[in-house]
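Colleague: Please walk me through this model step by step. I am still learning how to read one.

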Amino acid sequence: EYGEQQKAEILENLEKGQVLEGVIKNMTNFGVFIDLGGVDGLLHITDISWGRINDPSEVLSLDEKVNVVVLDFDDDKKRISLGMKQLTEHPWDKLESTIEVGSKVKGSIVNVADYGAFLELLPGVEGLIHVSEMSWSQHLRNPQDFISIGDELEAVVLTLDREERKMSLGIKQLTEDPWTKSDVLTKYGVGTNHTGIVRNLTNFGLFIELEEGIDGLVHVSDLSWTKKIKHPSEFVKVGDELEVQVLELDIENRRLALGHKQLEENPWDTFETVFTQGSVHKSTVISKNDKGATLELPYGLE
């Protein structure tokens, strides 16, 4: 047993910043209790290491002798909080001075959330890759679908604040923005045909992704020459592939106007010769109301 005298001596001389030797006498998932010689202090899990630890048992063991620094204590010195990581330099201070905005960095993923993922460059030095910086696509997926803890990744530094010890990173910056590629003018020139995936339907049309980061709008009136389509959902659903032709390209504003009916000849040119004034045709009544009726004529013309 420690003498009361030794215990009193430790408490009397206790001050913040003091480095003491102790023995781990109890371990919990939130930290470890350390016997400093008849006096106990708590080393909280967040003060063990600059890096992420899920459980103190990953790095410490019972009855281990450790050096700790006194961080704080209450007035009657009953509750003493201790630190261990504070005995080593903060890893942000060890971060190479050559790393700056635009630098490429490597690390491993230590946390994934729906808004992004954290990449650890060194234990204690992490950067956030926001979901919007993962791909040029405007259709954001949940990062948890394609990034896992432990993945080794390369990224580009977007912002860096050494004083606040914060950085944000991007993955899409490792590849060229598809809108600034040199071949975009020829690839998506007016009159070119493409197959894309329907990503979104609205009252006035639908948005199609032609490649990651390049979307175009098909106006509802550009779906069919002959059918009256009130809402695009009558024609396609999200996830469908659709063939389209480029009608307009505006690189500056990143806008593409696309059409589907333009892949076929305009049948109205033919209709002018078939449905001449005074000609008679068989038709089917599709719908009627007090204003009149809609008929379907030959060639699917309404």
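Modeller: Gladly! Two strands pair if DSSP finds at least two bridges between them. Strands here are DSSP runs of E with at least two residues, helices are runs of H or I with at least four, and both are numbered from the N terminus. This is a predicted model, in which local features need pLDDT of at least 70 and side-chain atom pairs count only at pLDDT 80 or more, while totals for chains, interfaces and linings use all residues. Residues are numbered from 1 along each chain as its sequence is written, and side-chain values use heavy atoms, with hydrogens and water left out.

Colleague: Let's try those words out. Which residue in β7 stands opposite N111?

Modeller: Strands of a sheet pair through backbone hydrogen bonds, either parallel or antiparallel. Here β6 and strand β7 (residues 116-122) run antiparallel, with five bridges joining them, and a hairpin of two residues leads from β6 to β7. In this pair, the residue opposite N111 is F118.

Colleague: And which residue lies over the face of F118?

Modeller: We look for a charge over the ring, meaning that NZ of Lys or CZ of Arg is within 6 Å of the ring centre and within 35 degrees of the ring normal. At 5.5 Å from the centre of the F118 ring, the residue found over its face is R52.

Colleague: Back to β6: how many of its ten residues are buried?

Modeller: Buried means under 20% relative accessible area, exposed means over 50%, and partly exposed is in between, using a 1.4 Å probe and protein chains only. Strand β6 covers residues 104-113 and is mostly covered, and its count of buried residues is seven.

Colleague: What is the order of the five strands that close into a barrel with β6?

Modeller: We can follow the pairs. On one side β6 meets β7, and on the other β6 pairs with β9 in the antiparallel sense over five bridges, with S108 opposite E152. Strand β9 (residues 152-161) is in turn joined to strand β10 (residues 166-170), also by five bridges and antiparallel. The pairing in the barrel is mixed, and the order is β6-β7-β8-β10-β9.

Colleague: By what angle are neighbouring strands of this sheet turned against each other on average?

Modeller: Axes are lines fitted to C-alpha atoms (for helices, over the stretch in contact), and angles run from 0 to 180 degrees between N-to-C directions. For neighbouring strands here, with direction ignored, the average is 50°.

Colleague: Is M167 buried or exposed?

Modeller: M167 lies in strand β10, where it stands opposite L160. Contact means heavy atoms within 4.5 Å, and beyond four places in sequence M167 has contacts including W92, L121, L128 and T159. Because its relative accessible area is 6%, M167 counts as buried.

Colleague: Moving on, which element gives the most to the largest nonpolar core?

Modeller: A nonpolar core is a set of buried Ala, Val, Leu, Ile, Met, Phe, Trp, Tyr and Cys residues joined through side-chain atoms within 4.5 Å. The largest one has 19 residues, and V66 is among those with the most contacts inside it. The elements that give two or more residues are β1 (19-28), β2 (31-35), β4 (65-73) and β5 (80-83). With three residues, the element giving the most is β4.

Colleague: What kind of aromatic pair do F30 and F33 form?

Modeller: Rings of Phe, Tyr and Trp (its six-membered ring) pair if their centres lie within 6.5 Å; planes under 30 degrees apart count as stacked, over 60 as edge-to-face and the rest as tilted. A search of the whole structure finds one aromatic pair. Its centres are 6.3 Å apart and its planes 90° apart, so the pair of F30 and F33 is edge-to-face.

Colleague: How does F30 count in terms of relative accessibility, and what about F33?

Modeller: F33 has 27% relative accessibility, so F33 counts as partly exposed. F30 has 38%, so F30 likewise counts as partly exposed.

Colleague: One last puzzle: what is the phi of D63?

Modeller: D63 lies in the loop between β3 (40-44) and β4. With 58% relative accessibility, D63 counts as exposed. Although D63 is not a glycine, its phi is positive, at about 70°.
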